[in-house]
Amino acid sequence: MTMPANDIDWHVLEDAAKQAMQRAYAPYSKFPVGAAALTEDGRIVSGCNVENASYGLTLCAECALVGQLHMTGGGRIAAFYCVDGQGNILMPCGRCRQLLYEFRAPGMQLMTTQGIKTMDQVLPDAFGPENLEETT
Ligand code: THU
């Protein structure tokens, strides 16, 4: 099921991402991040980055988001929005593109610094669950 582009209220997602950003725990980088997503069944899920004194253990905002996705009923992501501490659009890092790819709805859209793009555009030729199925 592909969510029609008209059904996506990007302002609602932007607001949810900004609210999540306010919850960030980023004492080391001082770079708070908030992410929000619209699920295919119309829920909004969000997350903030959570850093750690052992720097490499930092959880990106998208990690918290996919956790909330599952904790609130699972499903697939139709649209995604991420912001930095100024509320500006932030591109998900490479690892987080992979996290999002796992839970993408067909035609999933992301707000990017270059406008709306699809998951396939921001992570082309991706490795995903389908690849594992090929070997079984
Ligand atoms: N960060 C995210 O939360 N998501 C991203 O996609 C990019 C980076 C966080 C991790 C770290 O807490 C801070 O931004 C600086 O790298």
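This report describes the ligand site and the strand and helix arrangement of the structure above, which is a predicted model.

**Ligand site**

The residues surrounding the ligand are Ser29, Phe31, Val33, Asn49, Glu51, Thr58, Cys60, Ala61, Glu62, Pro92 and Cys93. Sorted by class, this shell comprises six nonpolar, three polar and two charged residues. Three of the surrounding positions place a polar atom close to a ligand oxygen, as listed below.

| Residue | Polar atom belongs to | Distance to an oxygen atom of the ligand |
|---|---|---|
| Asparagine 49 | side chain | 2.9 Å |
| Alanine 61 | backbone | 2.8 Å |
| Cysteine 93 | backbone | 2.8 Å |

On its own the ligand has 370 Å² of accessible area, and the protein covers 79% of that area.

**Sheet**

The strands form an open sheet of five members in the order S2-S1-S3-S4-S5, and the pairing is mixed. At the edges stand strand S2 (44-48) and strand S5 (115-118), each of which pairs on one side only. From one strand to the next, the twist averages 20°.

Within this order, strand S1 (residues 34-39) is paired with strand S3 (residues 77-83) in the antiparallel sense, with six bridges between them. In this part of the sheet, glycine 34 is located opposite valine 83 of S3.

S4 and S5 also run antiparallel and are joined by four bridges. The two strands make up a hairpin, with two residues between them. Across this pair, methionine 111 faces isoleucine 116, which belongs to S5.

**Helices on the sheet**

Helix H1 (residues 10-21) packs on the sheet and touches S1, S2, S3, strand S4 (104-112) and S5. The direction of H1 makes about 50° with that of S3. Helix H2 (residues 61-71) lies across S1, S2 and S3, and its course is at about 145° to S2.

The ligand site and the helices share a point of reference: H2 spans residues 61-71, and Ala61 and Glu62 are among the residues that surround the ligand. Alanine 61 also supplies the polar backbone atom found 2.8 Å from an oxygen atom of the ligand.

Conventions:
Residues numbered from 1 in each chain as written. Predicted model: local features only at pLDDT ≥ 70, side-chain atom pairs only at ≥ 80, totals over all residues. Heavy atoms only, no water. Near = heavy atom within 4 Å. Polar contact = N/O pair within 3.5 Å; in protein donor to acceptor, adjacent residues only side chain to side chain. Areas by Shrake-Rupley, 256 points an atom, 1.4 Å probe, with all protein chains shown as cover. Nonpolar A, V, L, I, M, F, W, Y, C, P; charged D, E, K, R; others polar. Pairing = 2+ DSSP bridges. Axes fitted to C-alpha atoms, helices over the stretch in contact; angles between N-to-C directions. Contact = heavy atoms within 4.5 Å.
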